[in-house]
Amino acid sequence: MENMAEEERPPQDPELEVSVPEAPPAPALESAPTPASAPAPSAASASDEAGSERHISIQRQLADLEKLTFLMEGDFDSASSLNSDNLNAGNRQICPLCPKEKFRACNSHKLRRHLQNLHWKVSVEFEGYRMCICHLPCRPVKPNIIGEQISSKMGAHYHCIICSATISRRTDMLGHVRRHVNKGETKSRYIAASAAKPPNEILKESDTDVQVCPNYSVPQKTDSYFNPKMKLNRQLIFCTLAALTEERKPLECLDAFGATGIMGLQWAKHLGNDVKVTINDLNENSVTLIQENCHLNKLKVVVDSKEKEESGDILQEGEKNLGNIKVTKMDANVLMHLRSFDFIHLDPFGTSVNYLDSAFRNIRNLGIVSVTSTDISSLYAKAQHVARRHYGCNIVRTEYYKELAARIVVAAVARAAARCNKGIEVLFAVALEHFVLVVVRVLRGPTSADETTKKIQYLIHCQWCEERIFQKDGNMVEENPYRQLPCNCHGSMPGKTAIELGPLWSSSLFNTGFLKRMLFESLHHGLEDIQPLIKTLIFESECTPQSQFSVHTPSNFNKQEECGIFIKATDDATTDTYIAQGKRKSNEAIVSLAKKQKGDNSTEHPPFYYNIHRHSIKGMNMPKLKKFLCYLSEAGFRVSRTHFDPMGVRTDAPLMQFKSILLKYSTPTYTGGQSEGHVHAVSEDTATDRTGLKCQ
């Protein structure tokens, strides 16, 4: 026919070369033959299809698949003049997608049923094309040895129209095509990308430029992942490192999972010579991208103690290098075993328990380890079996599940440090929507390790009222552990009402002095986004309402004592006492520090919090959260808000007192079913109680 597209025979890919035993080889067609009734394709579509190399199993219509029978026999003239009449002729034909030993030559009407039922019905459709199932030996199949015979089973598979991959199952093929669509790789865009790769996008965060891949927001095994939602996480870690530089400098810092290198670039660019940054990643593409981002931010790349210079990275006049960054490509566990660091940040994809032992192996004394865990499905009790497998912890979904997740991670970190004869002091722990961040200071010595392990305990949680309390110390089995709970649900409810959770970290989650220094560093470097969160952490660590605290008081920043050392927190030229860094502390200093920590247990913030909505009374209007905090404070309890829950209240009040105060200051909802006398009496009581309190 005149409007038939001329067929060309391109060079066959050796991996996808099709060979049929005792039959002529099937050609890999670039474009499917156009039916007689179809209009002639445009020049643009013809050139688009000519640029793609499609397998013979990828066709538009069933008639195109039937015509391949004549093409395989070499009868191109009969294929051009083919119609429905001569398909029903008595010629014996072979299937173009099956080997001869699987499907023998048969009549045309039987071949049509075979093509329609076996190949066409189970095809996968994509943009007008059908990827039919193929039985040809296109890919190697491992032989199965049965006795003394070897059976070489031909595996059925599909050929991807986009990337020419071969996939066995139809469901896997559907998911494979869906991933291409999510990445924006359709047939036309993929062909264009193969000729000219689009340039990487450049993003800016905290005055640091970073190149990202086109699909940077989708985690890939071969691409560098960049999550803009983790900005708060990066700023928290930056403030932590900036506060650590006030103690000693220079610091050996490691970003064990660099990806794009954004975090290490911010350290080197803003802290300068105070830090010696090492960015590591196991992916070759990520290492290349990190090196390009270093040159983009005018930072020298050091590989094996030698500067890597490239002809295209010559600085212009008036510009200077802002610092050096060492980029390594190795497994994070191997790197942390080989070198010692003052600051290590772990941010793997998922759980971080596989890297904790290596991190504490060579960390220097009074160094800091920060751990970011993104396996929130297991930590937030959505996949409890995964939490038991990774953390060895039994958890359930509670109202304080975010703080429970933070204490699970801290307990895992503490056990890993104790295995290396090291103890920890938790500087702060943050659990937000996408991650759990834990930052600890390392205290070397078996005495510190023993003190750390004593703070890992089990939690008794009441499933009726959600009251909770840590188990008492001791190895003796208690006859009735329900007695430890302040509530009386076990006596009034039938059956078992409580469950044992843990092991968890039972001590404080915040260090007030270090958080104040972090706030000072955030003000110094102009990080406005993180300042409200740090202020909330300070209020939470002291368990005081925000109205009773002023962050601008100079005395709050001067001479904060941590781990037996006095640390200068401001730029004032004051003479502070330092213990020699990097050396083991004497036993007397450790014992005195332990005694002091035991005496200061009363000043620690109370564990966990209550959600005011969870314990609200039906038919009553709750007071405003600010006023309710004042009511609890007036009653003599310590109280503050918490970053774990916007409607959470951290207090040392028992749940019974919490509910009674909440009921006392709640107003009834006026409905027709309520009695007027009861409403009047309650309103008078609440009015008289409110006059005695002066809450802002």
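## K67 and its surroundings

Let's start with K67, which you'll find in helix 2, the run covering residues 62-72. Is this lysine buried or exposed? In this predicted model, K67 has a relative accessibility of 12%, so it counts as buried, the cut-off being under 20%. Now look for P96: it sits 29 residues from K67 along the chain, and the two C-alpha atoms are 9.4 Å apart.

## How confident is the model?

Across the protein chain, the pLDDT averages 75, and 68% of the residues reach at least 70. Some stretches score low, though. Over residues 75-89 the pLDDT stays under 50, and the model gives this stretch 21 contacts beyond four places in sequence. Residues 144-152 are also below 50, with 7 contacts in the model beyond near neighbours in sequence.

## A stretch with a label

UniProt, in an unreviewed entry, lists residues 158-185 as "domain: C2H2-type". In the model, 46% of that span is helix and 14% is strand. Its end C-alpha atoms lie 18 Å apart.

## The nonpolar cores

Nonpolar side chains tend to be buried together in soluble globular proteins. Here, the largest nonpolar core holds 102 residues, and F360, I424 and F428 are the ones that touch the most other members. Which helix gives the most to this core? That's helix 15 (residues 401-419), with 12 residues.

Zoom in on I424. Leaving out neighbours within four places in sequence, its contacts include F360, V410, V413, A414, A417 and V440. R441, L443, T452 and W505 are also among them. A second core, separate from the big one, has 24 residues, including C489, L625, F628 and F637.

## T452, a buried threonine

One of the contacts of I424 deserves its own visit: T452. You'll find T452 in helix 16, which runs over residues 446-453. Its relative accessible area is just 3%, so T452 is buried. Setting aside residues up to four places away in sequence, T452 touches A414, G423, I424 and W505. Two of these, A414 and W505, also turn up among the contacts of I424.

## Rings that pair up

To describe a pair of aromatic rings, you give the distance of the centres and the angle of the planes. How many aromatic pairs does the model have? The count comes to 9. Take W267 and F343: their ring centres are 5.5 Å apart and their planes meet at 90 degrees, so this pair is edge-to-face. W267 belongs to helix 9 (residues 262-271) and F343 to strand 15 (residues 341-346), so the pair ties together parts that are 76 residues apart in sequence. Both W267 and F343 are buried.

F628 and F658 make another edge-to-face pair, at 5.2 Å centre to centre with 85 degrees between the planes. F628 sits in helix 21 (residues 625-634) and F658 in helix 22 (residues 655-664), so to speak two distant parts of the chain, 30 residues apart, linked by the pair. Both of these phenylalanines, F628 and F658, are buried. Elsewhere, ring pairs join Y400, F470 and F608 into a cluster.

## Charges over rings

Rings can have charged company too. The charged end of R397 sits over the ring of Y401, 3.8 Å from the ring centre. R407 lies over the face of F608, at 5.1 Å from the centre of that ring. F608 is also one of the residues in the ring cluster with Y400 and F470.

Notes:
Residues numbered from 1 in each chain as written. Predicted model: local features only at pLDDT ≥ 70, side-chain atom pairs only at ≥ 80, totals over all residues. Heavy atoms only, no water. UniProt positions renumbered as here; feature names shortened; annotations may be inferred. Helix = DSSP H or I, 4+ residues; strand = E, 2+ residues; numbered from the N terminus. Buried < 20%, exposed > 50% of the residue type's maximum accessible area, 1.4 Å probe, protein only. Contact = heavy atoms within 4.5 Å. Phe/Tyr/Trp six-rings, centres within 6.5 Å; stacked < 30°, edge-to-face > 60°. Lys NZ or Arg CZ within 6 Å of the ring centre and 35° of its normal. Core = buried A, V, L, I, M, F, W, Y, C linked by side-chain atoms within 4.5 Å. pLDDT = per-residue confidence, 0-100.
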